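Visitor: I am new to this structure and would like to look closely at a single part, one helix and the way its residues are placed. Please begin with the whole, so that I know where the part belongs, and go slowly.

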Amino acid sequence: MEISSSALRLPFLFLLVPLLLFFLLSPWNPLHNLSGGGDSAGRRAQFPPKSLTSISPPPAEPRSPPRNPLDPLTVGEIHRVRSILSSYQPFLRHFPSIQSMSLDEPDKSRVLGWKSGDPIPSRKAFVIALLDNQSHLLTIDLDSGRVETHEISSGSGYPMLTMEDVVAAVQTAVSYPELEASAAARGLSVANLSCISPSPGWFGPDEEGKRILKVLCFSKQGTPNFYMRPLEGLVMTVDVDRREVLQFSDTGKGIPIPGRANTDYRFRPGNKPPEMERINPISMEQPRGPSFTVTDGHLVKWANWEFHLKPDQRAGLVVSRVVVRDSETGAARSVMYKGFPSELFVPYMDADEGWYFKSYMDAGEFGLGATAMPLVPLNDCPRNAYYMDGIFVSADGQPFVQSNMICLFERYAGDAAWRHSELTVSSGGQELREARAKVTLVARMAASVGNYDYTFDWEFQTDGLIKITVSLSGMLMVKGTVHDNMNQVQNQDEMGPLVSENAIGVVHDHFITFHLDMDVDGPNNTFVKVNLVKEENVEGKTPRKSYLKPKRHVAKTEDDARIKLSLYDPSEFHVVNPSRMSRLGNPSGYKVVPGGNAASLLDHSDPPQLRSAFTNNQVIWVTPYNRSELWAGGLLVYQSHGDDTLDVWSQRNREIEDRDVVLWYTLGFHHVPCQEDFPVMPTVAASFQLKPVNFFERNPILTARPVFEEDLPVCRPSESASII
């Protein structure tokens, strides 16, 4: 996330304050369009789609009730929560600001015991509200219509920001008289500016007792990509609740605003074509329709997989109750109870006054679902995609829709699921050629957190593997400089890389920590580290001098399961069920397969690292299941001190052997910007896998049917196409 304004952190945040205010007051505002109940809608994109005959259509009745204990709050339920809080005695004088509202999920044991057709457990909502500068944590029972629990937080930190918070901060800043003088000194008026409001982190007692935002400004003249044109050194600190500028600093009046040339990234028919041969459009066609179904709005079934999929205002996309069907017995076997991105930490590596505080925690400060823009059909998602909306809550407690927030589609890229070819000499030169096409199912959402765009993919394979990928694109956060060429810089190590004239691409990191409540064949699991150890060969026995040998180490406590990757200390990381053995006596399990990664290099006592201590391990933590431990950075992240993080919980060193455990995995990126990242970055991605290990009795897709020519429609190139 390159945290842009608070205004950036909410999907509409790239807009100027007048447009934001227009949106809030406009009859087209989605907040004004929801008067009844309803579920998260699912549908195809708004363009002529392929027939999706095997996908269940969205509910015809917008007031349809939840069908699953994990279904998100409906529009009707959100209205009911607001009504209950409006008549709640502590809020009679002033209705609080609703910072977040979500389903308070039933106890895990009740969900695991629930079957389709059973009565839905009592529906409850969890609300975080702000009133009189206090964070109120409330549980509301929708059946009884009463507030069941009400706690005022005594720890550090505030809830997620709302759009109203963002508008208030930016509006306060742009009306501040000194801003006009600073703009004029650069040859601009306030009307030429786009101002954003990044979160401030936490850096000491001067920031106690008030919610603050830092407001930065950019020139929007001649380009929609104002991020490339900063007013360097200009920072306003705003008290969000009092709507007051606490500090105004402008140390960069001698630094030119980077130019607008080549900053516009939009497609226009008259644009100069790229210097490459044209690529013809590509689309995966499904003449018999897709192979997956979405029933009751959220239950996905595909091939041998079944899982619950829902949008979430903070986490973005949540998968739950993930089961895979056994290829031998046909039985549905559990793999994971719940998985989602828990926190996203982005620290910038510049200690200047206008940069030191940029150390964002996007999920807890702005919400990955709250910042999700509608996915772009045919570009974000392919033609055969199915779309799902999110229904979230604004500060006044009213529901609003994040449309086309999640897409679901089958992917085929010409890869093989397995193959083997052989020329058997002993059989008279008989040729064996066997291959199976690899088709996967992808659930995708994208969060536009200010200048950065994060795409999250959960990809399910027929062999039981789950691949989780995070892709980064969007705009850099650049720093203005007097230099327009590196030749002007005497000590280049003292300055970040120039990505354009007068624009430095500031070095930064991205860390995404996932919460993975693994339930491999049931809740009670054990974490096993399989170390690959070099063994010396007995001299004279054979010519070999050394070899590798796997040695299993069962983690008994949380300390045993803290993993830091090392190429020269290789290991595999298994989550196994010691009570479920294969026919060969191996415990049923899944292993975590790390991909490309990075570790935080910040000092552990650095304030940003105190708040993001969940990145101190690279890449794994394991904790016992605790329904209150969902967010790696803590429940209340905004301006927190780091006193409620995964690191703090794990210091209790609880027992984890043969327990219901949660695995936490962190993907990491170091980003040293370069010219190719200007003016918009090509996508870079990293992933990890959850792979079955002794879970199946043999290759689960051994008997998969090959694809034959007659299975596919006859497609021929158009006459204008040339085949060489």
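**One helix in its setting**

Guide: In this protein, 69% of the contacts with a separation of 6 or more are between residues 24 or more positions apart in sequence. The model is a predicted one, and its secondary structure comes to nine helices and 32 strands. The protein has 724 residues, of which 53% count as buried, and the area it exposes is about 32700 Å², with carbon and sulfur atoms supplying 51% of that area.

The part I would choose is helix α6, which runs over residues 177–185 and whose buried residues are L179, S182 and A183. These residues lie on the same side of α6, because they cover an arc of only 100° around the axis. The other side of α6 has P177, E180 and A185, which are exposed. If you follow the buried residues of α6 outward, you find them packing against helix α5 (163–174) and against four named strands, β6 (193–196), β7 (212–219), β8 (234–239) and β9 (244–250). Just after α6 comes G187, whose phi is positive at about 80°.

It helps to set α6 beside another helix, α3, which covers residues 75–86, has 12 residues and spans 17 Å from its first C-alpha to its last, close to the 16 Å expected at 1.5 Å a residue. The buried residues in α3 are V75, E77, I78, V81, I84 and L85, and the elements they pack against include β2 (97–103), β3 (124–131) and β17 (399–424). In the loop between β3 and β4 lies N133, which has a positive phi of about 65° although it is not a glycine. Most residues other than glycine have a negative phi. N133 is partly exposed, with a relative accessible area of 33%.

A further helix, α4 (residues 108–113), holds K108, which counts as buried because its relative accessibility of 6% falls under the 20% cut-off. Leaving out residues up to four places away in sequence, K108 touches Y337, D517, D519, Y625 and D660, and with D519 there is a polar contact, side chain to side chain, at 3.1 Å. K108 also shows how distant parts of the sequence can come together, since its C-alpha is 9.8 Å from that of P523 although 415 residues separate the two in sequence.

D519 leads us on to N525, a residue of strand β25 (524–536) that is buried with a relative accessible area of 0%. Beyond its neighbours within four places in sequence, N525 is in contact with a list of residues that includes M518, D519, V575, N577, E657 and R659.

One residue is singled out in a record: an unreviewed UniProt entry annotates Y452 as the modified residue 2',4',5'-topaquinone. Y452 belongs to strand β19 (452–461), and its relative accessible area is 0%, so Y452 is buried.

Conventions. Residues are numbered from 1 along each chain as its sequence is written. This is a predicted model: local features need pLDDT of at least 70, side-chain atom pairs count only at pLDDT 80 or more; totals for chains, interfaces and linings use all residues. Side-chain values use heavy atoms; hydrogens and water are left out. Helices (H or I, at least four residues) and strands (E, at least two) are DSSP runs, numbered from the N terminus. Buried means under 20% relative accessible area, exposed over 50%, partly exposed in between (1.4 Å probe, protein chains only). Contact means heavy atoms within 4.5 Å. Accessible areas come from the Shrake-Rupley method with a 1.4 Å probe; for residues, only the protein chains shown count as cover. UniProt positions are given in the numbering used here, feature names are shortened, and annotations may be inferred rather than shown by experiment. The expected span of a helix is 1.5 Å times one less than its number of residues. The arc is that of the directions from the helix axis to the C-beta atoms. A polar contact is a pair of N or O atoms within 3.5 Å; within protein, one must be able to donate a hydrogen and the other to accept it, and residues adjacent in sequence count only if both atoms are side-chain atoms.
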